[in-house]
Amino acid sequence: MTINTFVAGKGLLYRFDPRAKLLSVLLLCIWFFLPVSLVGLYTVVGLLVLLGAINTGFSHIAKTFLSILPMLLFMVLFMPFNVRDGESLVTIGSFTLITAEGLEQAVRLAGRFIGITYACTLLFATTVMQEVMLALRAFHLPYKAGLVVTLAFTYIPFIAESFSQIAESHSLREAESEQGKRIFQRLKDLVPTLTSALVFALRSIPNLAMSLELRGFGREQKRTSYKDLSSYRHPFTHILLSCIMLVVFWALFRVR
Amino acid sequence: MGPSPSGSTSSLAKSRVSMQKALSITNLSFTYHSYGENVCDSIFEGLSLEVEAGSKTLLLAPFDKGKTTLAKIICGVCPKYFPGTLEGNLKVFGNDLSAVEPWQLLSECTYVSQNPQEQFVANSVEEEVAFPLESLGLSQEEIKGRVEAALKHWGLDRLRTSSSQELSGGERKRVLLAVTEAIDARFWILDEAFDDLDQKWRDQLKELIEKGNKTILVLASRYLAEFDKLFDQVLLLDGKKVVSPVRKELLCRFSQLCQDDLANPLDSQVCAPPVMRQLVCTDLVAERRRMSTLEEASFKVHVPHFTLQSGELVTLVGPNGSGKSSFSRILCGLDGYLGGSIQVDGSALSGKELSKKVGYLFQNPDLQIFLPTVQDELSWSLRRRRDLKSEEIRRKVEHCADLFGLSLSDTPATMSYPLRKALQAAVYYLLERPFYILDELDSALTYHTALSIIRDLRQNGAGILLITHDKQFAKRVEQRTYSIEKGRLCAL
């Protein structure tokens with residue numbers, strides 16, 4: 001049940017120290033919730049996407065955005081209806097449907113969601129999982145906790161992969177006379193696809209537990225490591241560079 | 001690493017080893033826990049088995065008779081993760097299994113699963129091989145040495161950063177064999193290890209079994225010609241026990257259990273398609289790339305000419321990773337192509353249109369069945385057709401269930417593997433596709449069951465493309481054969 005999220009490449013991000021990348025992602029996640037202007041938020045998101053395009057290519061960006069699109073649409077479409085404060089933009093009779101405040105919050109939420117999701121995706125697309133693990137251990141996270149974190153990050157794409165495989169197989173089962181499906185039918189079809197993807201994912205748990213133990217996970221002996229991070233020569237420079245960039249962005253885009 | 005020369009062990013060590021039992025099972029009984037109303041039947045009753053250290057044992061059993069369960073019990077993970085009631089005594093190299101945890105057996109015994117996908121724990125091939133070596137606490141130098149040797153020996157060095165989902169079935173099996181070789185445990189349990197491997201890698205595995213100094217237990221559901229003279233003892237799992245009659249009787253009984261003595265269901269079938277339809281691929285070109293490695297150039301599929309007609313039974317053979325699945329995915333419209341054409345009855349088709357003409361039965365049936373009951377599964381596609389009334393749907397579903405030996409009230413999740421495979425085929429039978437691709441249908445099914453499924457699917461005159469590694473099975477069905485190597489398809 002392990003899915004590799006790594007996309008092979010030789011760009012700048014691949015040479016960037018995994019410890020610095022991990023720290024940058026954590027700091028970015030915090031940065032997105034700081035009081036920054038909307039323009040600033042989207043500038044940073046744009047730079048992040050540009051960095052991704054240079055390193056992993058446009059097809060990877062497209063794939064990432066397609067996978068988060070349903071959730072993104074859901075948030076952006078429903079958020080404006082939840083916020084009632086501010087200047088009204090759309091009204092039906094005396095009922096205010098969308099306010100300027102609601103719209104602004106929806107756009108900000110979308111920016112944060114895209115930024116955080118893409119920063120995490122980029123970390124796992126440009127760093128092999130064992131180096132993510134080594135970076136976590138460098139920050140004194142115990143091995144077992146590190147394994148849980150990395151497994152969790154591969155489990156989500158595993159469910160997504162199972163979902164797409166099952167959706168493919170369902171599309172192969174459409175009747176010959178069946179024409180283009182209506183939205184209601186598509187939504188209805190999602191239920192069994194989602195259910196079987198989840199059942200498939202849940203059934204894989206005992207297999208994973210079995211395989212981990214058969215591969216010696218649980219032994220009292222101290223684990224050694226096949227890889228180390230010694231090939232990354234300038235961890236502190238990279239960490240410093242990441243921190244400086246985020247501080248500069250904060251100084252430039254904070255709400256005054 | 002690799003097969004150790006038998007002469008390398010000193011005679012003293014050999015005699016000490018030969019006195020020890022690698023595996024000792026006495027009066028084993030096992031029954032899986034049941035979660036529904038039906039009580040599960042026991043898998044083993046009073047099973048006893050002894051395997052001498054350093055010996056090579058072949059344990060034959062028909063599909064679904066408990067081979068994998070036995071392997072998991074020996075490794076200590078069943079009933080721990082697959083609940084059931086276990087009785088009896090089990091010892092691996094003198095260690096009582098009731099007192100040891102699976103991870104404590106890492107340097108003693110290694111298990112290669114029939115389904116390699118379920119055993120992957122790491123995210124890339126090299127990490128997979130390195131993972132157990134890290135658990136053993138070996139030095140980084142030692143780990144690197146063993147990983148390199150194992151990857152090279154199993155032809156995986158170019159795939160070292162690839163992840164399991166990017167590998168073919170045969171490549172996955174080779175990864176598990178590389179892991180087994182790298183761990184270098186004393187006792188290897190190989191569950192259908194020859195499945196999925198092409199001839200080159202089968203020969204290598206044979207050599208490893210023959211010349212290595214390991215204790216080997218191979219669990220197999222087919223007696224392959226290559227097993228001859230490879231094993232010190234050949235046993236049979238029959239009637240929930242392990243028996244050891246003389247070889248001739250054993251093979252005869254095994255053949256009966258596998259229904260190989262029955263007539264080929266295809267022999268009596270007269271396939272007369274009501275309408276002759278034709279699928280033609282011309283100059284088809286497609287490209288695939290493994291995302292997680294830079295070491296391999298993109299993989300190209302090239303099909304100069306391919307035809308399949310109604311009623312035909314065509315086999316597709318080729319080594320691991322040669323492009324069989326890539327071609328199948330293009331043919332059923334799941335993947336696109338760069339050049340050439342796919343025509344059905346003279347009309348060029350692609351994507352959705354193609355998927356409604358060509359049914360593709362995945363190797364893993366669990367990806368294609370997803371509803372609570374057999375009745376729901378069979379009627380799912382029919383209920384989406386506007387031209388069918390409910391009475392007609394009911395009649396079709398009942399007829400289909402009858403044909404494939406299914407019970408409409410059964411729950412697919414709790415059905416045996418052959419029945420799930422039959423259900424998968426039944427679903428496609430009802431779709432009445434003019435063409436079907438059957439991906440490794442014979443894997444984990446008896447020849448008779450697989451041939452019966454083919455017969456049933458051909459009842460409506462469908463043309464069938466069968467992908468298989470098993471030459472014996474191919475011989476029983478083939479009318480024409482295509483071969484694919486390095487992505488290039490040609491008629492044989």
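Start with helix H13 of chain B, residues 447-457: eight of its 11 residues are buried, so the rest of the structure largely encloses this helix. Keep in mind that what you're looking at is a predicted model. The buried members of H13(B) are Tyr447(B), Thr449(B), Ala450(B), Leu451(B), Ser452(B), Ile453(B), Ile454(B) and Leu457(B). What do these buried residues pack against? Their partners in chain B are two helices, H12 (417-431) and H14 (471-477), together with two strands, S17 (435-439) and S18 (463-467).

How far can you trust chain B in this model? Its pLDDT averages 85, and 94% of its residues score at least 70. Helix H4 (residues 140-153) of chain B has the highest confidence, at 96, while helix H1 (residues 11-19) of chain B has the lowest, with a mean of 45. The beginning of the chain is the part to watch: over residues 1-18 of chain B, pLDDT stays under 50, and the model has 22 contacts beyond four places in sequence for this stretch. Where pLDDT is low, the predicted coordinates shouldn't be read in detail. As for the model as a whole, it scores ipTM 0.81 and pTM 0.82.

Now hop over to chain A. It has nine helices and two strands, and if you walk along the sequence you meet them in the pattern α-α-α-α-β-β-α-α-α-α-α. Along the principal axes, the C-alpha atoms of chain A fill a box of roughly 70 × 60 × 30 Å. Of its 256 residues, 29% count as buried. Take the contacts in chain A with a separation of 6 or more: 78% of them link residues 24 or more positions apart.

Chain A is divided into two domains: domain 1 covers 1-128, and domain 2 is made of 142-171 plus 187-214. The centres of these two domains of chain A, taken over C-alpha atoms, are 24 Å apart. Where they meet, six residues of domain 1 of chain A are in contact with nine residues of domain 2 of chain A. The domain 1 side of that meeting has three nonpolar and three polar residues, but no charged ones.

Next, look at two helices of chain A: H2 (residues 18-31) and H6 (residues 129-138). They pack at an angle of about 75 degrees, and their axes are 8 Å apart. Why call H2(A) and H6(A) roughly perpendicular? Angles from 65 to 115 degrees count that way, and therefore these two helices qualify. On the H2(A) side, the contact is made by Pro18(A), Arg19(A) and Leu22(A), while H6(A) brings in Glu131(A), Val132(A), Leu134(A), Ala135(A) and Ala138(A). Sorted by class, this contact of H2(A) with H6(A) has six nonpolar residues, two charged ones and no polar ones.

Finally, see how the two chains come together: 47 residues of chain A are in contact with 56 residues of chain B. Which elements of chain A give two or more residues to its side of this contact? They are H6, which you've just met, along with helix H7 (143-171) and helix H8 (183-214) of chain A. H8(A) supplies the largest share, with 13 residues. By class, the side of chain A that touches chain B divides into 19 nonpolar, 17 polar and 11 charged residues.

Terms used
Residues are numbered from 1 along each chain as its sequence is written. Chains are lettered from A and ligands numbered from 1 in the order in which they are written. This is a predicted model: local features need pLDDT of at least 70, side-chain atom pairs count only at pLDDT 80 or more; totals for chains, interfaces and linings use all residues. Domain bounds come from an automatic or database domain assignment. Two residues are in contact if their C-beta atoms, placed from the backbone, lie within 7 Å. Ala, Val, Leu, Ile, Met, Phe, Trp, Tyr, Cys and Pro count as nonpolar, Asp, Glu, Lys and Arg as charged, and the others, Gly among them, as polar. Axes are lines fitted to C-alpha atoms, for helices over the stretch in contact, and angles run from 0 to 180 degrees between N-to-C directions. Helices (H or I, at least four residues) and strands (E, at least two) are DSSP runs, numbered from the N terminus. Angles under 35 degrees count as roughly parallel, over 145 as roughly antiparallel, 65 to 115 as roughly perpendicular and the rest as oblique. A residue is buried if 20 or more other C-beta atoms lie within 10 Å of its own, exposed if 12 or fewer, and partly exposed in between; C-beta atoms are placed from the backbone. pLDDT is the predictor's confidence in each residue, from 0 to 100.
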